[in-house]
Amino acid sequence: MSEALSSNTPDVLDGLSLEELNEQEQLPEGWLRVRSLDMDAQGIARRPDGKVVFIEGALPGELVEVKVGRKKNSWEQGTVTDIHSESSQRVTPGCPNFGLHQGACGGCKMQHLDPAAQVAIKQRVLEDNLWHLAKVKPESLLRPIQGPAWGYRFRARLSVRYVQKRSEVLIGFHERKSRYIADMKVCPILPSKVSTMLMPLRALIGSMQARETCPQIELACGDEVTALVLRHLEPLSDSDSQKLRDFAAEHGVQWWLQPKGPDTVHLLDEGTQLAYGLPDFGITMPFKPTDFTQVNPYINRVLVSRALRLLKAEKTDRVIDWFCGLGNFTLPIATQAGEVLGIEGSDALVQRSHQNYAFNQSGRAQALAPTSFVARNLFEMTPQMLVADGVADKWLVDPPREGAFALVKALAELHQQPELCQDWIPPKRIVYVSCNPATLARDAGLLVHQAGYRCVSAGVVNMFAHTAHVESMAVFELA
């Protein structure tokens, strides 16, 4: 059990004391009332002596019995065995691989919970993290961004294993709490074309000479192209390469090969460029299958549009896009702002951003704003570096799970030590897109309590339906 998980346990019972809970209901011995869900979608209950119990498969409000697998002084962890009072929000999972049974897939955590309830719980997680970790309460809550609950996962890393005893290939996600690969025949969260391709893919790899030296297939779907990156530990024979070509022709996919590290990824044969569109801005984003792009294109389009509405960039504004990646937000910002700077830690992504900017600028009726891109380690930001980047009216911040601590810390230091600022002034508005509510809360605490900002709004983005992953967005204004 992680420290972050166990440290949240005093807050999961809606502020009720143990005595108040015991007074509310007397349960038969061994029964537990589930009060909430944790970040791993486990139900949370308390025993009469106060010990916290984390319960896989249980939902808030349910009366359950549990088989305990792990015990510590202050908590236990187990699996639901009986449900005596079922939640009205419990639904039948949409995938045969989901569940608590042996061999169940570990890719999803919440298929047994109604999708609308999943979003509500994620919103609560965001609010709880902001308040309990940072003492920050948004002035308003943004409506959650939701999209299709199935067929949304356009990126995935599928493990491959040839099981010699069964003379069979497995392709898919790992089993729940296991290093073994789930025996998946379909996967409803993948695009239907890819889900129906799983069994033919298994047959393909099983027929190849290299079936024991191909450990992974990475999926990357664009708007028009489905790319499959085959990791192979030894050179492929001409026969195996031809089998890949025949499969590509039959199923309409594009094969890329990865003989060693990510830098070695290359097309098996030339083909249509992999790309996705942001139609609200007339932007097309070419990318390589190993570039970071959002998993869910339906949500990404809405996310970018909302972020820019909240940013309120104007033709007189200079905007900095921190952690800009290949330009997912930068190029749309360049359709509205006067000048844009994209800053990213990866040299390869900065190069791709330059290419994407030139690609979208070419032949455009209304030119994009002057835009530059810089590669820099954003986890080593200092106040001096921040001043050197110049004044920006607005920021968009979209960091990885680690958050943007060094960046907001530098901003806070400049606020607290005006003598360091010279003629530099902080941005009036910051839109922060986060994939980790804990690091968002940490950074929000710095912005609000030490850098002179208000948290004017925040809300969740359900990028990963049926998982416990919480994507979110918060807006800060200079007080």
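**Cysteines, a crossover and a helix in a predicted model**

Reader: How far is the sulfur of Cys 95 from the closest cysteine sulfur?

Author: This is a predicted model, and the closest cysteine sulfur to that of Cys 95 belongs to Cys 187. A disulfide requires two cysteine sulfur atoms within 2.5 Å. The pair is too far apart for a bond, because the separation is 5.9 Å.

Reader: How many disulfides does a search of the whole structure find?

Author: Cys 95 and Cys 187 do not form a bond, because their sulfurs are too far apart. Cys 214 is in no disulfide either, as the nearest cysteine sulfur, in Cys 221, lies 20 Å away. For the whole structure, the number of disulfides found is 0.

Reader: Is Cys 214 buried or exposed?

Author: A residue counts as buried when its relative accessible area is under 20%. Cys 214 has a relative accessible area of 3%, so its class is buried.

Reader: Which strand holds Leu 257?

Author: Leu 257 has a relative accessibility of 8% and therefore counts as buried. Leaving aside residues up to four places away in sequence, Leu 257 touches several others, among them Leu 230, His 232, Val 265 and Leu 268. Leu 257 belongs to the strand spanning residues 254-258, namely E11.

Reader: How far apart in space are Leu 257 and Leu 228, C-alpha to C-alpha?

Author: In sequence, 29 residues separate Leu 257 and Leu 228. In space, the distance between their C-alpha atoms is 8.3 Å.

Reader: In which sense do strand E16 and strand E17 pair?

Author: Strand E16 covers residues 339-344 and strand E17 covers residues 371-375. Glu 344 stands opposite Ala 375 in E17. The two strands share 5 bridges, and the sense of their pairing is parallel.

Reader: Through which helix does the chain cross from E16 to E17?

Author: The connection is a β-α-β crossover, and its handedness is right-handed. Its helix comprises residues 347-361 and is H9.

Reader: What span should the 13 residues of helix H12 have at 1.5 Å a residue?

Author: Helix H12 runs over residues 437-449, and its end C-alpha atoms are 18 Å apart. The expected span is 1.5 Å times one less than the number of residues. The two values agree, because the expected span is also 18 Å.

Reader: Which residue caps the N-terminal end of H12?

Author: Several residues of H12 are buried, including Pro 437, Leu 440 and Asp 443. The cover over the buried residues includes helix H3, helix H11 and strand E19. At the N-terminal end, a side-chain oxygen lies 3.0 Å from the backbone nitrogen of Ala 438, and the capping residue is Asn 436.

How values were computed
Residues numbered from 1 in each chain as written. Predicted model: local features only at pLDDT ≥ 70, side-chain atom pairs only at ≥ 80, totals over all residues. Heavy atoms only, no water. Pairing = 2+ DSSP bridges. Helix = DSSP H or I, 4+ residues; strand = E, 2+ residues; numbered from the N terminus. Right-handed = clockwise from strand over helix to strand, strands pointing away. Buried < 20%, exposed > 50% of the residue type's maximum accessible area, 1.4 Å probe, protein only. Contact = heavy atoms within 4.5 Å. Polar contact = N/O pair within 3.5 Å; in protein donor to acceptor, adjacent residues only side chain to side chain.
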